[in-house]
Amino acid sequence: MLTFITWNVDPELLKLGSLHIRWYGLLWALGIWFTLIITQKIFKHEKHPDKWVDSLFVYTVLGAVLGARLGHCLFYNPSYYLANPLEILYIWQGGLASHGGAIGILISTYLFSKKVAKKSIIWVFDRLVIGVAVCGALIRLGNLMNSEIYGGPTTLPWGFIFVRNGETMPMHPTQIYEFLYCMVTFAVTYWLYWKKDAYKKTGLIFGVFLIGIFASRFLIEFVKNNQEAFEDGMLLNMGQLLSIPFIIWGIWLIINSYKKYNLQHK
């Protein structure tokens with residue numbers, strides 16, 4: 001039986017002279033690639049133009065990366081980054097917030113829906129978020145390889161001792177918890193699309209995605225270490241506060257999708 005797991009993985013996968021390839025960057029890239037493949041399959045199934053996928057890929061990647069970086073800087077340490085604005089550009093130093101990435105994707109997808117697809121933003125998200133769930137899972141594995149964003153002490157047998165950070169006690173591997181809820185969300189939304197034709201109920205898949213990701217994130221934050229000191233005195237930390245609007249939106253989308261579908265098929 002496991003008593004704990006000693007974790008001391010080097011975050012750098014490969015060094016080729018001045019080129020350093022990190023697990024985190026590789027897993028981000030794989031996540032984006034999987035999102036592209038899944039979205040291509042969906043758009044092909046519905047016989048939409050190939051150029052839509054190419055455009056959506058560009059919009060989404062830019063929105064996710066810029067939003068995640070700005071979210072980290074402005075949600076978690078605004079005073080420092082407003083005083084040192086050039087450091088916002090130092091993405092290679094780390095610091096990407098998933099809620100900021102979500103907001104960035106919202107904005108970029110809205111632009112795509114208006115300028116390219118001429119569809120509603122919810123229509124686009126019903127098809128995009130299935131792949132995004134896989135991307136989120138792989139990003140959390142990247143956090144694990146960096147030995148970052150983990151939880152507090154635990155006596156559970158799968159606790160990780162993050163040696164690189166000087167830990168001597170097993171901690172909750174919340175990166176793995178988040179990987180798992182992302183993969184469960186992917187499995188459910190994929191099944192809804194291909195087996196239940198849920199994309200015909202506009203907003204249903206996106207609503208399930210929002211609840212699967214952000215309700216799980218809200219709960220896991222209770223065993224997760226706060227990212228910044230200012231969160232220590234808060235009843236709910238920043239990650240939980242930022243999750244609540246997405247959860248409410250998800251519930252509203254699911255209810256509304258069934259109402260509209262029932263009205264259309266009376």
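This tour moves from the whole chain to one residue of a predicted model.

Start with the entire protein in cartoon view and colour it by secondary structure, which comes to eight helices and four strands. If you follow the chain along its sequence, the elements appear in the pattern β-β-β-α-α-α-α-α-β-α-α-α. The radius of gyration is 19 Å, close to the 18 Å that the globule rule gives for 266 residues, so the protein is as compact as a globular protein of that length. Turn the model along its principal axes, and the C-alpha atoms fill a box of roughly 60 × 40 × 40 Å.

Next, show the surface, where the protein exposes about 14,000 Å², with carbon and sulfur atoms supplying 68% of that area. Beneath the surface, 46% of the 266 residues count as buried. Then select the charged side chains, of which 23 are positive and 15 negative, and note that the centres of the two sets lie 15 Å apart.

With the contacts displayed, consider the pairs of residues that are at least 6 apart in sequence: 67% of these contacts join residues at least 24 apart.

Now select helix α1, which spans residues 23-45, and find Thr35 within this helix. Is Thr35 buried or exposed? Its relative accessible area is 9%, and because buried means under 20%, Thr35 counts as buried. To see what surrounds this residue, add Leu128, Gly131, Val132 and Cys135 to the selection, since Thr35 touches these four when residues up to four places away in sequence are not counted.

Note on methods:
Residues numbered from 1 in each chain as written. Predicted model: local features only at pLDDT ≥ 70, side-chain atom pairs only at ≥ 80, totals over all residues. Heavy atoms only, no water. Helix = DSSP H or I, 4+ residues; strand = E, 2+ residues; numbered from the N terminus. Rg over C-alpha atoms; globule rule 2.2 N^0.38 Å. Buried < 20%, exposed > 50% of the residue type's maximum accessible area, 1.4 Å probe, protein only. Contact = heavy atoms within 4.5 Å. Areas by Shrake-Rupley, 256 points an atom, 1.4 Å probe, with all protein chains shown as cover. Lys, Arg positive; Asp, Glu negative; His and termini not counted. Charge placed at Lys NZ, Arg CZ, Asp CG, Glu CD.
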